[in-house]
Amino acid sequence: MAVKIRLARLGCKNRPFFRVVAADDKSRRDGKQIEVLGFYDPLQGKDDARRVSLKFDRIKYWLSVGAQPTDSVENMLFRAGLIPPKSMVVMGSKNGQQSTNHHVSPITGEILN
């Protein structure tokens, strides 16, 4: 069974509210959940403490046993400091003058290779 850490939508029409949940990857978005790991309210102010609330210890546990976060949850976890940023790959130019790929640090912008 593959586990995903993803968002489950709650709330009314035009008033979304999301729970961060651990769920089987084959279950529906709002279907059966294994565990609730936090919540996200996109309509709160960006500096408001009630915008995002996460259970850090449980998220660390699920990541340690192999759960994969979705892209939106991965961005949340990165902003919270739980996971490192994805490495970025810079491709050569479109006209074919460069054929090598370079890895770039997402924080500093320096070429790693």
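A residue counts as buried when its relative accessible area is under 20%. In this predicted model, L37 has a relative accessible area of 0%, so L37 is buried.

L37 lies in strand β3. Apart from neighbours within four places in sequence, L37 is in contact with I5, V20, V21, A22, S53, L54, K55, R58, I59 and W62. One of these partners, S53, is 16 residues from L37 in sequence, and the two C-alpha atoms are 8.6 Å apart.

Strand β3 spans residues 35–40 and also contains E35. The relative accessible area of E35 is 19%, which is under the 20% limit, and therefore E35 is buried as well. Its side chain makes a polar contact of 2.8 Å with the side chain of R58. With neighbours within four places in sequence set aside, the contacts of E35 are V20, V21, A22, R58 and W62. Each of these residues is also listed among the contacts of L37.

The view can now move to helix α2. This helix covers residues 71–80, and V73, E74, M76 and L77 are its buried residues named here. Because these residues cover an arc of only 160 degrees around the axis, they are on the same side of α2. D71 and R79, on the other side of α2, are exposed. The buried residues of α2 are covered by elements that include β1 (3–12), β2 (15–24), β3, β4 (52–54), α1 (56–64) and β5 (68–69). Strand β3, the strand of L37, is thus part of what covers α2.

For L77, the contacts beyond four places in sequence are L54, I59, L63, P69, L82 and I83. L54 and I59 also appear among the contacts of L37. After the end of α2 comes G81, with a positive phi near 90 degrees.

Which residues of the largest nonpolar core touch the most other members? Among the 16 residues of that core, they are I5, L7, V20, L37, W62, V73 and L77. At least two residues of the core come from each of β1, β2, β3, α1 and α2. This set brings together L37 from strand β3 and two buried residues of helix α2, V73 and L77. Three other members of the set, I5, V20 and W62, are in contact with L37.

Terms used:
Residues numbered from 1 in each chain as written. Predicted model: local features only at pLDDT ≥ 70, side-chain atom pairs only at ≥ 80, totals over all residues. Heavy atoms only, no water. Helix = DSSP H or I, 4+ residues; strand = E, 2+ residues; numbered from the N terminus. Buried < 20%, exposed > 50% of the residue type's maximum accessible area, 1.4 Å probe, protein only. Polar contact = N/O pair within 3.5 Å; in protein donor to acceptor, adjacent residues only side chain to side chain. Contact = heavy atoms within 4.5 Å. Arc of directions from axis to C-beta. Core = buried A, V, L, I, M, F, W, Y, C linked by side-chain atoms within 4.5 Å.
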